[in-house]
Amino acid sequence: MDNFIKELTDLIKEQLGSDYDIRIEKRRKNNGTELHGLTILSKTVKENIVPTIYLEEFFNLFQSGVTLDNITK
């Protein structure tokens, strides 16, 4: 999973450019499950709320043969 996250993050950074910061954080949900969350923050526009994209579902897609390029789109 760590390799997948690094490659995915690198691709997203490449597509978005230097105006964005990508953060990956492990989050523990109420049921005790730990998930890997990805947030995209603008360096130029201050936002109070940014969505977190949980990566486990995308990792499952990758394992079933979907390419990283398709996942980032």
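This tour moves through a predicted model, from the whole chain to its strands, its aromatic rings and its largest pocket.

**The whole chain**

Begin with the protein chain as a cartoon, where the secondary structure comes to three helices and three strands, and where the order along the sequence follows the pattern α-β-β-β-α-α. If you draw a box around the C-alpha atoms along the principal axes, it comes out at roughly 35 × 30 × 15 Å. Colouring by accessibility will show that buried residues make up 25% of the 73 residues in the chain. Among the contacts with a separation of 6 or more, 36% are between residues 24 or more positions apart.

**The hairpin of S1 and S2**

Select residues 20-28, which are strand S1, together with residues 34-42, which are strand S2; the two run antiparallel and are joined by nine bridges. They form a hairpin with five residues between them, and in that turn Gly-32 has a positive phi of about 90°. To follow the register of the pairing, show Tyr-20, which stands opposite Ser-42 in S2, and then Arg-23, whose bridge partner in S2 is Thr-39.

Now keep S2 alone and colour it by burial: the strand is mostly covered, with seven of its nine residues buried. Glu-34, which is found in S2, counts as partly exposed at 39% relative accessibility. Leaving out residues up to four places away in sequence, Glu-34 touches Lys-26, Arg-27, Arg-28 and Glu-56. For the last of these contacts, the C-alpha atoms of Glu-34 and Glu-56 are 10.0 Å apart in space, while the two residues are 22 apart in sequence.

**Thr-39 and the third strand**

Add residues 52-54, strand S3, which runs antiparallel to S2 and is joined to it by three bridges. Centre the view on Thr-39, which is found in S2: which residue of S3 stands opposite Thr-39? It is Thr-52, and since Arg-23 is the bridge partner of Thr-39 as well, this one residue is a useful place to look along both pairings. Is Thr-39 buried or exposed? Its relative accessible area is 8%, so Thr-39 counts as buried. Apart from its neighbours within four places in sequence, Thr-39 is in contact with Asp-21, Ile-22, Arg-23 and Arg-27, and also with Val-50, Pro-51 and Thr-52.

**The aromatic rings**

Next select Phe-4, Phe-59 and Phe-62, which form one aromatic cluster. The count of aromatic pairs comes to two. In one pair, the ring centres of Phe-4 and Phe-62 are 5.2 Å apart and their planes stand at 40°, so this pair is tilted. Because Phe-4 lies in helix H1 (residues 2-16) and Phe-62 in helix H2 (residues 56-63), the pair ties together parts that are 58 residues apart in sequence. With a surface switched on, the two rings can be compared for accessibility: Phe-4 is buried, with a relative accessible area of 3%, whereas Phe-62 is partly exposed, with a value of 32%.

**The largest pocket**

Finish at the largest pocket, which holds about 170 Å³ of space. To display its lining, select Leu-8, Ile-12, Gln-15, Leu-16, Leu-38, Ile-40, Ile-53, Leu-55, Phe-58, Ile-71 and Thr-72. The elements that give two or more residues to this lining are H1, S2 and helix H3, residues 68-72. Which element gives the most to the lining? That is H1, with four residues. Coloured by residue class, the lining divides into nine nonpolar and two polar residues, with no charged ones.

Notes:
Residues are numbered from 1 along each chain as its sequence is written. This is a predicted model: local features need pLDDT of at least 70, side-chain atom pairs count only at pLDDT 80 or more; totals for chains, interfaces and linings use all residues. Side-chain values use heavy atoms; hydrogens and water are left out. Rings of Phe, Tyr and Trp (its six-membered ring) pair if their centres lie within 6.5 Å; planes under 30 degrees apart count as stacked, over 60 as edge-to-face and the rest as tilted. Buried means under 20% relative accessible area, exposed over 50%, partly exposed in between (1.4 Å probe, protein chains only). Two strands pair if DSSP finds at least two bridges between them. On a 1 Å grid over the protein atoms alone, a cavity is a set of points where a 1.4 Å probe fits but cannot get out, and a pocket is an open set with protein on both sides within 12 Å along at least five of seven lines; lining residues have an atom within 4 Å of a point. Grid points are joined across faces, edges and corners, and a volume is the space filled by probe spheres set on the points. Ala, Val, Leu, Ile, Met, Phe, Trp, Tyr, Cys and Pro count as nonpolar, Asp, Glu, Lys and Arg as charged, and the others, Gly among them, as polar. Contact means heavy atoms within 4.5 Å.
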